[in-house]
Amino acid sequence: MVSKTRLIVSDFIVSIIWVWNGALIKMFVFKVLQMGHDSRGEFMRQSLTVVSLFFFAFLAKVTKGASFNPLAVLSSAISGDFSHFLFTIGTRIPAQVIGSITAVRLLIDTFPEIGRGPRLNVDIHKGALTEGLLAFGVVTISLGLARKIPGSFFMKTWISSISKLSLHILGSDLTGGCMNPASVMGWAYARGDHITKEHILVYWLAPIQGALLAAYTFKLLFRPQKQDEKEKLKGKTD
């Protein structure tokens with residue numbers, strides 16, 4: 001019980017840090033360094049984002065699984081037992097959402113000139129397809145790296161960070177390339193459009209469907225490693 005409570009609190013805190021991280025990186029590049037939205041400024045911003053992803057990977061390791069993204073915990077929850085699934089959707093994801101909303105509120109109060117988060121720049125169907133495909137891609141990559149494949153923590157985090165960044169860039173002009181319903185919810189709640197059809201369909205239903213599809217597809221293509229190990233041991237004994 002103590003470990004579960006610690007994980008919920010960690011999700012809440014890490015979600016706050018994630019939202020602040022993205023906003024502060026933009027402010028540092030565009031206001032402090034006074035770089036424009038050209039290739040030089042974007043390169044600096046994306047480079048700092050990659051560095052921050054290493055930091056959050058380290059936090060996840062230290063806290064034994066804390067996450068700021070509902071898609072990450074949902075994909076692992078559906079492969080576990082039903083009690084773990086209920087714990088994830090009933091406590092961990094709400095903690096991430098509340099953390100994101102809290103972070104955005106604090107940001108707006110501290111920096112009133114801050115932006116208002118990602119917005120949908122295409123029609124609702126293209127937006128839903130975009131976020132769904134991006135979620136499918138990022139969850140597939142995460143599940144692949146979670147397997148016991150050769151590579152150090154640094155190499156796996158590097159591959160994950162570059163992949164997430166690439167997918168974000170692909171969808172940034174269309175939906176913001178978010179792949180994180182919780183953080184989008186924080187900004188949408190501040191704007192007052194968190195219960196609109198566009199927000200629910202594009203930033204919640206579509207990415208969740210993409211994440212579930214990725215998890216089920218991965219489960220069909222790659223058997224659990226414990227099952228593989230049992231079959232190997234059985235073959236040796238036979």
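Colleague: Rings of Phe, Tyr and Trp (its six-membered ring) pair if their centres lie within 6.5 Å; planes under 30 degrees apart count as stacked, over 60 as edge-to-face and the rest as tilted. With that in hand, which residues form one aromatic cluster?

Modeller: First, this is a predicted model: local features need pLDDT of at least 70, side-chain atom pairs count only at pLDDT 80 or more, and totals for chains, interfaces and linings use all residues. Residues are numbered from 1 along each chain as its sequence is written, and side-chain values use heavy atoms, without hydrogens or water. Your cluster is made of Trp18, Phe55, Phe56 and Phe68.

Colleague: Let's zoom out. How many strands are in the protein?

Modeller: Helices (H or I, at least four residues) and strands (E, at least two) are DSSP runs, numbered from the N terminus. Reading from the N terminus, the elements go α-α-α-α-α-α-α-α-α. That makes nine helices, and the number of strands is zero.

Colleague: And how far apart are the end C-alpha atoms of residues 43-63?

Modeller: Have a look at residues 201-222 as well: they are 95% helix and 0% strand, with their end C-alpha atoms 30 Å apart. Residues 43-63 are also 95% helix and 0% strand, and their end C-alpha atoms are separated by 30 Å.

Colleague: What share of the 238 residues count as buried?

Modeller: Let's start with the overall span: along its principal axes, the C-alpha trace covers about 70 × 40 × 35 Å. Buried means under 20% relative accessible area, exposed over 50%, partly exposed in between (1.4 Å probe, protein chains only). By that rule, the buried share of the 238 residues is 40%.

Colleague: Back to the rings. How many residues apart in sequence are the parts that Phe54 and Phe154 tie together?

Modeller: A search of the whole structure turns up seven aromatic pairs. One of them is Phe54 with Phe154, a tilted pair at 5.2 Å centre to centre and 35° between the planes. Phe54 belongs to helix 2 (residues 39-62) and Phe154 to helix 6, so the parts tied together are separated in sequence by 100 residues.

Colleague: Is Phe154 buried or exposed?

Modeller: Its partner Phe54 has a relative accessible area of 18%, so Phe54 is buried. Phe154 is at 51% relative accessibility, so this residue counts as exposed.

Colleague: What kind of pair do Phe55 and Phe56 make?

Modeller: Phe55 is partly exposed at 43% relative accessible area, while Phe56 is buried at 5%. Their ring centres are 5.5 Å apart and the planes meet at 70°, so the pair is edge-to-face.

Colleague: Let's try Thr175. Which residues does Thr175 touch, not counting those up to four places away in sequence?

Modeller: Thr175 sits in the loop between helix 6 (153-172) and helix 7 (181-191). Its relative accessibility is 0%, so Thr175 is buried. Contact means heavy atoms within 4.5 Å. On that basis, the residues touched by Thr175 are Pro118, Arg119, Leu120, Gly127, Thr130, Glu131, Val202 and Tyr203.

Colleague: Which residues is His199 in contact with, leaving aside neighbours within four places in sequence?

Modeller: His199 is part of helix 8 (residues 197-221). At 4% relative accessibility, His199 counts as buried. The contacts of His199 are Val184, Met185, Ala188, Asp193, His194 and Trp204.

Colleague: Last one: what share of the contacts with a separation of 6 or more comes from residues 24 or more positions apart?

Modeller: Think of the whole chain here, with its nine helices. Among contacts with a separation of 6 or more, residues 24 or more positions apart account for 76%.
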